[in-house]
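User: Please take a close look at the ligand site in this model. Then set it beside the sheets and helices around the chain.

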Amino acid sequence: MQYISTRNLGVHCSASRAIAQGLAGDGGLLTPFFIPKLPGKALGDMTAMAYQQRAVYIMKQFLEEFSVKELTDFTAAAYGPDKFDTPAVAPVRAVEPGTYCLELWHGPTCAFKDMALQMLPHLLSASLAKIEEPRTACILAATSGDTGKGALEGFKDVPRTRILVFYPKDGVSRVQEFQMVTQEGANVGVCAVRGNFDDAQTGVKKLFADEALREELAGKGYFFSSANSINWGRVLPQIVYYISAYCDLLRDEKITPGQAVNVCVPTGNFGNILAAWYAREMGVPIQKLICASNANDALTDFLSTGVYDRNRDFHQTISPSMDILVSSNLERLLFFLTQDAAQVKGYMEELSATGRYQVSDRVTEKLNRHFKGYRCDDQRTKETIRAVYHRAGYLIDPHTAVAFSALERYREETGDATPAIVVSTASPFKFCGSVLEALGERETAQGLDAMDQLSAKTGIPVPAPLAGLRGKRVRFDQVVDKDRMAEAVLSLLG
Ligand SMILES: *Cc1c(COP(=O)(O)O)cnc(C)c1O
């Protein structure tokens, strides 16, 4: 299958080049030329398969030049019992009648980024071999928390890759910092930057653009690469769990073959919900895609009006992984709906010039037909955590709570009682402070102790990867000024 740029149909390449390269040369996103349809009986056939087998079957449709043997090895390494604490990998939990929760946080960092970041490094490493790239990929990442740790765990000890993560010294939680500085693996490096997330991110962008550094690294056999969420190798593994969830519901006779479901997704960069859209295109009978946002609500407005406008206040919320003004992966949906690269290019140019664009009436009409957006502020997020816990005995994190709130609003507004899959993106133990407050605790413990407090309050054990942090040795203690990051790269690469 060919991959094309969302901004120019003339730019096309193989799957392995798309994954190795990350972004198209013209700034567009490399995207499959068409979305393959699953054969009629595929959903039924897959009910009997393990998650790993489903992943091989689905990814193979997009990755012609990868053999079944390769994909089988990758899924075994990415989703094995040493990485995920349940053989189901992405289990579906019945929360209330007609409401199912797809839990995407059973991996090594307890957040949904693991679903893609456990797979991407294998796809990338093999892609480099296929395109005969002799150098090692040096992945650079700036992180405000979850992505950095997810990338470190995913790339740990994967051949042909090195991974260096920069985080703002005072911009991540104590738990998140500890998760990173204790990271194991021979090919990893972690460095704190004096400043905030923006300083770290700007610094990493400068590293990518630093010609002298690039040359020095080439001499050592490295080239810079990135693992961000617009890489096709991150979107593809996410399609799998939507199809898998539908198969689980079929297998457990919660739904009948062909029965429609709705999905409700806590959304930031639009990667997760985009994967649901592709699953729908492949043949999963998904009726409505409910896009849940926190107070950063550019998508909520866009889905109802067709106007995307990033000119608005940025809110720091208790669901920080969704604190985002520009949802990059939306570009792929626009390309799908318009089938017009010139039009998409125009929208993106307007976005970068004015911070705003308006899609055509035809596209707005299509968006309205399939998507519905809702916003949820911190107050309502906490009320939802408390309500779901009291009503259903089910503990959720703030991101997941934003989604539960959206589903509730949608059902109130439309009366649509179609079975719904709510996507749960993080373990509540990653956000103990907010969750404890939501449950009415007045005093909350600091750092790792808050996990024990939440566990004592709810009777739910702390997930092993988080509980295991206590015994870990600090491996990385370097702190640099933001204009000294190039030296840090060289010293970390040794
Ligand atoms: C990244 C993230 C999201 C947002 O996902 P997108 O694919 O960026 O829309 C939601 N919840 C959590 C916990 C995340 O880490």
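Analyst: The ligand site comes first, then two sheets, then one tyrosine. Keep in mind that this is a predicted model.

Start with the shell. The ligand is surrounded by 15 residues. The closest are Lys113, Gly268, Asn269, Asn272 and Thr425. By class, the shell holds 5 nonpolar, 8 polar and 2 charged residues.

Next, the polar contacts, for which the cut-off is 3.5 Å between N or O atoms. Glycine 268 places a polar backbone atom 2.7 Å from an oxygen atom of the ligand. Asparagine 269 also offers a polar backbone atom, and here too the distance to a ligand oxygen atom is 2.7 Å. Threonine 425 uses its side chain: a polar atom there lies 2.9 Å from a nitrogen atom of the ligand. How much of the ligand's accessible area does the protein cover? On its own the ligand has 390 Å² of accessible area, and the protein covers 95% of it.

Now the antiparallel sheet. It is open and has 3 strands, in the order β2-β1-β3. β2 (8-13) and β3 (30-32) are the edges. Each has a single partner strand, so one side of each has no neighbour in the sheet. From one strand to the next, the twist averages 40 degrees. Strand β1 covers residues 3-5, and 3 bridges join β1 to β2. In that pairing, isoleucine 4 has histidine 12 of β2 as its bridge partner. A helix packs on this sheet: α14, residues 330-338. Helix α14 touches β1, β2 and β3. The direction of α14 makes about 45 degrees with that of β3.

The other sheet is parallel. It is open too, with 5 strands in the order β9-β6-β7-β8-β16. At its edges stand β9 (222-225) and β16 (479-480), each pairing on one side only. Inside the order, strand β7 (residues 161-168) runs parallel to strand β8 (residues 188-193), and 6 bridges join them. Within this pair, isoleucine 163 stands opposite valine 188 in β8. This sheet also carries a helix, α7, residues 146-155. Helix α7 touches β6 (136-142), β7 and β8. Between the directions of α7 and β7 the angle is about 160 degrees.

Both sheets rest on one principle. Strands of a sheet pair through backbone hydrogen bonds, either parallel or antiparallel.

Last, the tyrosine. Tyrosine 389 sits in helix α17 (residues 378-392). Which residues does tyrosine 389 contact, leaving aside its neighbours within four places in sequence? They are Tyr394, Leu395, Leu439, Lys457 and Thr458. Take threonine 458 from that list. Tyrosine 389 and threonine 458 are 69 residues apart in sequence, and their C-alpha atoms are 9.4 Å apart in space.

How values were computed: Residues are numbered from 1 along each chain as its sequence is written. This is a predicted model: local features need pLDDT of at least 70, side-chain atom pairs count only at pLDDT 80 or more; totals for chains, interfaces and linings use all residues. Side-chain values use heavy atoms; hydrogens and water are left out. A residue is near a molecule or strand if one of its heavy atoms lies within 4 Å of it. A polar contact is a pair of N or O atoms within 3.5 Å; within protein, one must be able to donate a hydrogen and the other to accept it, and residues adjacent in sequence count only if both atoms are side-chain atoms. Accessible areas come from the Shrake-Rupley method with a 1.4 Å probe; for residues, only the protein chains shown count as cover. Ala, Val, Leu, Ile, Met, Phe, Trp, Tyr, Cys and Pro count as nonpolar, Asp, Glu, Lys and Arg as charged, and the others, Gly among them, as polar. Two strands pair if DSSP finds at least two bridges between them. Helices (H or I, at least four residues) and strands (E, at least two) are DSSP runs, numbered from the N terminus. Axes are lines fitted to C-alpha atoms, for helices over the stretch in contact, and angles run from 0 to 180 degrees between N-to-C directions. Contact means heavy atoms within 4.5 Å.
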